[in-house]
Amino acid sequence: MKSLKKVELHLHLEGAAPPAFIRALAAEKHQDIGHIFDERGAYSYNGFNEFLRVYEAATSVLTAPRDYARLVTEVLGNCAEEGAIYAEVFVSPEFCGGADLTAWRDYLAAMEEAAAEAERSGITSRAILTCIRHFGPERARKTAICAAETSGSWVTGFGIGGAESAGELSDFAWAFDCAREAGLGLTAHAGEWRGPGSVRDALALGVTRIGHGIRAIEDAALLSDIAARGVTLEVCPGSNIALGIVPGWPAHPIARLADAGVRVTVSTDDPPFFHTTLSQEYQRLADAFGWAEAEFGQMNLWAVEAAFCDETTRTRLR
Ligand code: ADE
Ligand code: ZN
């Protein structure tokens, strides 16, 4: 599966950091974050809330633009090894200088340089600036300003992740309006932990893509609406299974979503946290549903159509 060319739309930059990378950086900085690893050195957590805390603890060793540049090099290198020719990474200015615009510009410049270098070795990338739902709408507003002010560079999208249980998506309407006016593509995590209503709330923000969105399967009218609008779901099956949202591969709704005419794509979310890789996700889908090149080719075409990139790049990826 590694040789199949892939487009990945849903990958959290910090969530893609290999444990060894984070451990090495912690050692360099004399920071003790040993509690987030198990005895084999993997990330260790129990349930989604603890996952978020471990994620944030791992991120705490990334304290300078250079750290983020190294992370971009590492993550895009791993993507390329998995056969990805294009990846969009969620980046949170909250973790890069606290969504302060001056600091953010420094972090972005460092990451952009690393991404340009990675592009020379075959992988194109773009960044989706992401606010964190459980940090609240005020902080999201600052993230949206960072996104709007740096729109059109490596930054081409805006989104929201974090605990879906916190607040309502409508609380973040100002941030999404600000990002849309700046010409950014929009996506929101929804329908992962909450039901179909959360997917409707995401659509009301004007998104063209939904992070996860799998619980739309519970509502036939919503499914038809998503299919008719051509909204694309960034499905991360291994993440859903690792977090216990879906009991196993055969039960995953991705195949039923595709059968309902919904544009589904495949991504890894936070691969080392969920003990997965992009090619492993494809292999598991092939095993569970008999999918092969035709199905994967269609999904990757949908991913290209939904990507937050310019037409020239899109044509090159098709
Ligand atoms: N941030 C990183 N991974 C996430 C996920 N699966 N859901 C919501 N926020 C996240
Ligand atoms: Zn995610």
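Here a trainee and a mentor talk through a predicted model and the reasons behind some of its labels.

Trainee: What makes up the two domains of this protein?

Mentor: Domain 1 covers 13-18 + 64-309, and domain 2 covers 19-63. Their centres, taken over C-alpha atoms, are separated by 22 Å. The contact between them takes 15 residues from domain 1 and 14 residues from domain 2.

Trainee: What kinds of residues are on the side of domain 1 that touches domain 2?

Mentor: That side divides into 10 nonpolar, two polar and three charged residues.

Trainee: Which residues surround ligand 1?

Mentor: They are His12, Gly15, Gly161, Gly162, His189, Glu192, Ser239, Asp269 and Asp270.

Trainee: How do you know how many of that shell are polar and how many are charged?

Mentor: Let's sort them by name. Asp and Glu count as charged, and the shell includes Glu192, Asp269 and Asp270, so the charged count is three. Gly counts as polar, and the shell has six polar residues and no nonpolar ones.

Trainee: Why is the largest nonpolar core said to lie between the domains?

Mentor: Because domain 1 and domain 2 both give residues to this core. The core has 93 residues, and Val72, Ala147, Phe158, Ala179 and Ala202 touch the most other members. Helix H4 (residues 101-120) gives the largest share, eight residues.

Trainee: What is Phe158 in contact with, leaving aside its neighbours within four places in sequence?

Mentor: Contact here requires C-beta atoms within 7 Å. On that basis, the partners of Phe158 beyond those neighbours are Ile128, Leu129, Ala144, Ala147, Phe176, Ala179, Leu184 and Leu186.

Definitions and conventions
Residues numbered from 1 in each chain as written. Chains lettered and ligands numbered in written order. Predicted model: local features only at pLDDT ≥ 70, side-chain atom pairs only at ≥ 80, totals over all residues. Domains from an automatic or database assignment. Contact = placed C-beta atoms within 7 Å. Near = placed C-beta within 6 Å. Core = buried A, V, L, I, M, F, W, Y, C linked by C-beta atoms within 7 Å. Buried ≥ 20, exposed ≤ 12 C-beta atoms within 10 Å, placed from the backbone. Helix = DSSP H or I, 4+ residues; strand = E, 2+ residues; numbered from the N terminus.
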